[in-house]
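Me: I am new to reading protein models and would like a close look at one part of this one. Please take a single charged residue inside a helix and walk me through its surroundings slowly.

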Amino acid sequence: MVSELPGQEAALQSTGRRWRGAIGNMLGRAILSGEYAPGDVLPGEIVFAETNGVSRGAYREAVQGLIAKGLVESRPKTGTRVLPRRRWNMLDPDVLGWAFADKPDMALLRSLFELRSVVEPAAAAFAAERRDREDLKALKDALARMRRHTLSTEAGLAADRDFHGAILAASRNDALVTLSAGITAAVAWTTQLKQRDRALPRDPIPEHAAVYDAIADGDTAQAAAAMRRLVDLALADTRAALTDAMEG
């Protein structure tokens, strides 16, 4: 059974939106952690509302959010059931956040890095061919902020997301741009994962600088190669961090 909402007394003064978010986060984390497995039925709205002291309407709206993310389906008489994992929108930033709230499984990490290794080198090559002055300015600014703040800070992580997002935008490919929120969320969460238990094993900013230089030079082949190296090294660092965490 999913645990009760934290901070009940203070939360009673929250807005309806905050309630919906708290309920959605609680249920989302429970699903992604395996507390509710595919095929399981979530608590009914009456039981959940009475147990947690929230309105039935807030619960229903939170469930609608989970439905939109492909995590559950709700049918009359059968209730709200967790869908198979293949139906989940794993690139939704909220879903990724719930997956990384605990330690994500290696299958998820592998799939995210495989996606990045397919998408980002191609996007970098397109960006090298199609970027304009504003794109280069956005990339240069993000790189400068990464150097100034480092990736161990929130400001540095935000700059890292902006850097990868700017490359997708500079690709001038609408289909790739739609992946931007998911790709940048994956970048941020995996970077945070690598430094949960220790400092980053190395400085990844030189690889980002190499990508920027290739895009600025208009070298499509080198841009793709530099981005591929960046993603490969990030995966190696993530595996090493997880190995150290298991041995520690």
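Reply: What follows begins with the chain as a whole, turns to D160 and its surroundings, and ends with some charged pairs for comparison. Please keep in mind throughout that this is a predicted model.

The protein chain has 12 helices and two strands, and along the sequence four helices come before the two strands, with the remaining helices after them. Of the 248 residues in the protein chain, 44% are buried, and residues 24 or more positions apart account for 69% of those contacts that have a separation of 6 or more.

D160 has its place in helix α8, which covers residues 154–170. Although D160 is buried, it has no salt bridge, and R116, the nearest side chain of opposite charge, is 6.7 Å away. A salt bridge requires the nitrogen and the carboxyl oxygen to be within 4 Å, so R116, at 6.7 Å, does not make one with D160. What D160 does have is a polar contact of 3.0 Å between its side chain and that of H208. Leaving aside residues up to four places away in sequence, D160 touches M146, L151, V187, T191 and H208.

Two of these neighbours, V187 and T191, are among the buried residues of α10. Helix α10 spans residues 180–194 and reaches 21 Å from its first C-alpha to its last, close to the expected 21 Å. This helix is mostly covered, since 12 of its 15 residues are buried.

For comparison, it helps to look at acidic residues that do form salt bridges, of which the count in this model comes to 12. In general, side chains of opposite charge can pair when their charged atoms come close. The side chains of D141 and R145 meet in this way, with N and O 3.0 Å apart, and because these two residues lie four residues apart in helix α7, about one helical turn separates them. D141 is partly exposed, with a relative accessible area of 39%, whereas R145 is buried at 18%.

Another such pair is D105 and R85, whose closest N and O atoms are 3.4 Å apart. D105 lies in the loop between α5 and α6 and R85 in the loop between β2 and α5, so the pair ties together parts that are 20 residues apart in sequence. D105 is partly exposed at 35% relative accessibility, and R85 is also partly exposed, at 37%. To return to the residue we began with, D160 is buried and has no salt bridge, but its side chain does share a polar contact with H208.

Technical notes. Residues are numbered from 1 along each chain as its sequence is written. This is a predicted model: local features need pLDDT of at least 70, side-chain atom pairs count only at pLDDT 80 or more; totals for chains, interfaces and linings use all residues. Side-chain values use heavy atoms; hydrogens and water are left out. Buried means under 20% relative accessible area, exposed over 50%, partly exposed in between (1.4 Å probe, protein chains only). Lys and Arg count as positive and Asp and Glu as negative; His and the chain ends are not counted. A polar contact is a pair of N or O atoms within 3.5 Å; within protein, one must be able to donate a hydrogen and the other to accept it, and residues adjacent in sequence count only if both atoms are side-chain atoms. Contact means heavy atoms within 4.5 Å. The expected span of a helix is 1.5 Å times one less than its number of residues.
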